[in-house]
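Here are some notes on the ligand site and on one strand of the model, set out as numbered points for your review.

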Amino acid sequence: MDKLKIRGGKRLEGKIFISGAKNAALPLICASLLTDEPVILTNMPMLSDVSSMNKLLLQLGTTIEARDEIINNNACKNYTYSTPKLTGLIAPYDYVRKMRASYYVLGPLLAREGHVELSLPGGCAIGARPMDIHLSSLEQMGAKIEIKNGYVHADVNGRLKGTHLVFNIASVGATCNILMAATLAEGETIIENAAREPEIGDLANMLNSMGAKISGIGTSVLKVQGVEKLHGTTHKVITDRIEAGSYAVAAAITRGRIELINAQASTLQTPIKILRKMGVHVEEYENSIVVDAVDCTLTGQDIMTDYYPGFPTDLQAQFLTLMLTANGASMVTETIFENRFMHVPELLRMGANINVHGHASAIVRGVDKLYGAPVMATDLRASFALVLAGLIAEGETIVNRIYHLDRGYEKLEQKLQAVGADIERIKETEEE
Ligand code: UD1
């Protein structure tokens, strides 16, 4: 397992290219299963989660062609997914265990082939994360669902039937899964209290370019008129707002200045508002954001995570870490997941002053200094928070278990090195 070695204290200045969004790419890859024609996805991030999803699709009978491409001076991938015939209908435990988003094959396979077997993902480091909304919605659309030996067995006779669904939680995963299933259903499906995250808009736009009939995109009521067949398309993945927000914090926490190339400010309005209230200068441009904290004194702010367009839970750990460098106290409240303060004990080992109350909130008080230490995180965004702490800590920080970071941050150490960070990857083989 690789590690990151960081020597803190460098002000970060320069440009960082923001990659295609992981949370858009994963459902888009699965949406290619809805057609027998090729689907070309451009601006794809090079991440281990994308490779894992590709491996799962290969098992289902998809052929995948990869090409390198340059978009806005940034090297990325372009993949062609072709599934003329599905040869497998099982998402095995080993895939789902490693990457929950494997469950995005559920909606497409059931809609296209009328049968799918999916290993139930179970809980994970940040919470229980059940799939009840995905499954009950498919049942309401006419599917027969059985849980046997840890697997969901879903079947439908003929086509799924459009119906009026009201989600009790605006779940991102359930919205994507049901949206994909509904494109090939008979009649109209209405999803009320649908999630409104930009990645869902990206999925809906691509599905429409494949011949789907989805309206209400970007709102909490999605209407889908089912069609009999979808065709191939070419689609450019939107940029990653969570990656952009993470590097915005890297600029702010080191009191540096970073231009986030390709970042879309419209998708980051709540985090930008918090940065400004703290005292960070943020300039918004059509295809970039400049975050400037040089000579800034920051003031703590309260944040509460919420569904989009509220404050993203995927930026909570990074902003909590930033609050350690601000004057005064900040209250950080997590409302989406029940166990998302796993980074706190590691930050405490670096000299942080944080009190967690139950599972839902934490009081963060500004400290003069953090001290480098060996640390490890249990999830992707928490791992980035530890990198941020390492960037300002006195001495050396070793971040262990960085396979989490490789799942969601493309070329992390190269991007940070390019803006002046003292960070390097230690390969397993170099350790002993
Ligand atoms: C997605 C994102 C993740 C982000 C999260 C919230 C991807 C691949 N992952 O995760 O990065 O942190 O949205 O923005 O896009 N829930 C249920 N029953 C269900 C489904 C969800 O109770 O059937 C609960 C979950 O346990 C959680 C809340 O709803 O407490 C939100 O989950 P959801 O929006 O589904 O998150 P994911 O799609 O798993």
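1. In this predicted model, helix α5 makes the largest contribution to the shell around the ligand, supplying three residues. The elements that provide two or more residues to that shell are α5 (132-140) and α6 (172-183).

2. The shell consists of 18 residues, and the closest to the ligand are Asp132, Ser171, Val172, Asp314 and Ile336. By character, the shell residues comprise nine nonpolar, five polar and four charged. Both domain 1 (3-18 + 239-431) and domain 2 (22-236) are represented, each with at least three residues.

3. Turning to polar contacts, a ligand nitrogen atom lies 2.7 Å from an N or O atom in the side chain of Asp132, while a ligand oxygen atom is 2.8 Å from a polar backbone atom of Ile133. The side chain of Asn23 also has an N or O atom 3.1 Å from an oxygen atom of the ligand. Of the 750 Å² that the ligand exposes when taken alone, the protein buries 88%.

4. A separate point concerns strand β9 (residues 151-155), which is largely enclosed by the rest of the structure because four of its five residues are buried. Strand β7 (residues 115-119) pairs with β9 in the antiparallel sense over five bridges, with Ser119 having Tyr151 as its bridge partner.

5. Strand β8 (residues 144-148) likewise pairs with β9 in the antiparallel sense, over five bridges, and Ile147 stands opposite Val152 of β9. Two residues separate β8 and β9 in the hairpin that they form, and Asn149 in the turn has a positive phi of about 50°.

Conventions
Residues numbered from 1 in each chain as written. Predicted model: local features only at pLDDT ≥ 70, side-chain atom pairs only at ≥ 80, totals over all residues. Heavy atoms only, no water. Near = heavy atom within 4 Å. Polar contact = N/O pair within 3.5 Å; in protein donor to acceptor, adjacent residues only side chain to side chain. Areas by Shrake-Rupley, 256 points an atom, 1.4 Å probe, with all protein chains shown as cover. Nonpolar A, V, L, I, M, F, W, Y, C, P; charged D, E, K, R; others polar. Domains from an automatic or database assignment. Buried < 20%, exposed > 50% of the residue type's maximum accessible area, 1.4 Å probe, protein only. Pairing = 2+ DSSP bridges.
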